[in-house]
Amino acid sequence: MDVIPADGQEFPEMHPGQFVNIKVPATDGVFLRRPISICDYADGRLTLYIKPVGKGSDRLCSLEAGEEFEVLLPLGHGFSGGSQSGLNLLIGGGVGIAPLLFFAKQLVAEGKRVEFLLGGAGASDLELAEVFEKVAPVHTTTVDGSMGTKGFVTHHSVMADEAVAHIFTCGPTPMMKAVAALARERQIPMQASLENHMACGLGACLCCVEDTKEGNRCVCTEGPVFDIDELKW
């Protein structure tokens, strides 16, 4: 979904890994805003990747061109760094692939080598693979074997590539923890974008608190991106 600001307004500067919090227009039983990763941002246009999984996301997916809604943006702290000489491997699972596109474009613009590893239950979860391929090489895995390597992202051969110098990931927590275990084993720096439940996006409700090595931290304001050395994984 592409979003542009209301007439006479401009979006503030945004960084890969940040997110927005959307107030769902007039929907019975939906009171909380929905946190959505920034998939891309260019030329004053914001791109979001939303899949219908409940009342709130269903309503957002049904928005028509020109329909208005309220949004808080940009929120949180995103990805940073990356290897200048080695391979930066960006690993996403399900809708967690969204923030990796914006970040990959930044890394490529900086002259850094980038490859994607995208995983899902089936091919329908990787509908954006062709979009990602326009930015950098894409490897895929699916649990049912309908696309790419059969299995999880940790089963793909690129995970053993000696060129991998930095890993960035977003997706289901079990997937990210499994990737983190391999990264630690090989002493590869890694950043992970957590997907804790975030209601307010401003650090007030404390729904998204993560118990880290530095104590409890709000994912919405101090993340969502953390270095895995900060996490109790």
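Here is a friendly exchange about the sheets, cores, cysteines and aromatic pairs of this predicted model.

Colleague: Before we start, how are residues numbered, and what pLDDT do local features need?

Modeller: Residues count from 1 along each chain as its sequence is written, and side-chain values use heavy atoms, with hydrogens and water left out. As this is a predicted model, totals for chains, interfaces and linings use all residues, side-chain atom pairs count only at pLDDT 80 or more, and local features need pLDDT of at least 70.

Colleague: Happy with that. In what order do the strands of the five-stranded open sheet run?

Modeller: Helices (H or I, at least four residues) and strands (E, at least two) are DSSP runs numbered from the N terminus, and two strands pair if DSSP finds at least two bridges between them. The pairing in this sheet is antiparallel. Its order is S1-S4-S3-S2-S5.

Colleague: Which strands stand at the edges of that sheet?

Modeller: An edge strand here has a single partner, so one side of it is left without a neighbour in the sheet. The two in question are S1 and S5.

Colleague: Which residue of S4 stands opposite both Val3 and Tyr41?

Modeller: Strand S4 (residues 45-48) pairs with strand S1 (residues 2-3) in the antiparallel sense over two bridges, and four bridges join S4 to strand S3 (residues 34-42), also antiparallel. Asp2 stands opposite Thr47. Val3 stands opposite Leu46, and the residue opposite Tyr41 is likewise Leu46.

Colleague: Which residue in the hairpin of S3 and S4 takes a positive phi?

Modeller: The hairpin has two residues between the strands. The phi value is near 55°, and the residue that takes it is Asp43.

Colleague: On to the seven-stranded sheet: which strands are at its edges?

Modeller: This open sheet has the order S9-S8-S7-S6-S10-S11-S14, with mixed pairing. Each edge strand pairs on one side only. They are strand S9 (149-150) and strand S14 (225-227).

Colleague: How many bridges join S6 to S10?

Modeller: Strand S6 (residues 87-93) and strand S10 (residues 164-170) run parallel. Gly92 stands opposite Cys170 in S10. The number of bridges is six.

Colleague: At about what angle to S6 does helix H2 run?

Modeller: Axes are lines fitted to C-alpha atoms, for helices over the stretch in contact (heavy atoms within 4.5 Å), and angles run from 0 to 180 degrees between N-to-C directions. Helix H2 (residues 98-109) lies across S6, strand S7 (113-120) and S10. Its angle to S6 is about 170°.

Colleague: How far from the sulfur of Cys39 is the nearest cysteine sulfur?

Modeller: A disulfide is a pair of cysteine sulfur atoms within 2.5 Å, and a search of the whole structure finds zero. Cys39 is buried at 3% relative accessible area, and Cys170 is buried at 1%; buried means under 20%, exposed over 50%, partly exposed in between, with a 1.4 Å probe and protein chains only. The nearest sulfur to that of Cys39 belongs to Cys170, at 11 Å.

Colleague: Why does the pair of Phe79 and Phe103 count as stacked?

Modeller: Rings of Phe, Tyr and Trp (its six-membered ring) pair if their centres lie within 6.5 Å; planes under 30 degrees apart count as stacked, over 60 as edge-to-face and the rest as tilted. Phe79 lies in the loop between strand S5 (70-75) and S6 and Phe103 in helix H2, so the pair ties together parts that are 24 residues apart in sequence. The ring centres are 5.1 Å apart, and the angle between the planes is 25°.

Colleague: Which residue joins Phe79 and Phe103 in one aromatic cluster?

Modeller: Phe79 is buried at 6% relative accessible area, and Phe103 at 0%. The cluster's other member is Phe168.

Colleague: Last one: which element gives the largest share of the largest nonpolar core?

Modeller: A nonpolar core is a set of buried Ala, Val, Leu, Ile, Met, Phe, Trp, Tyr and Cys residues joined through side-chain atoms within 4.5 Å. The largest has 28 residues, and Leu89, Ile91 and Ile167 are among those with the most contacts inside it. Elements giving two or more residues include S6, S10 and helix H4 (173-185). The largest share, five residues, comes from H4.
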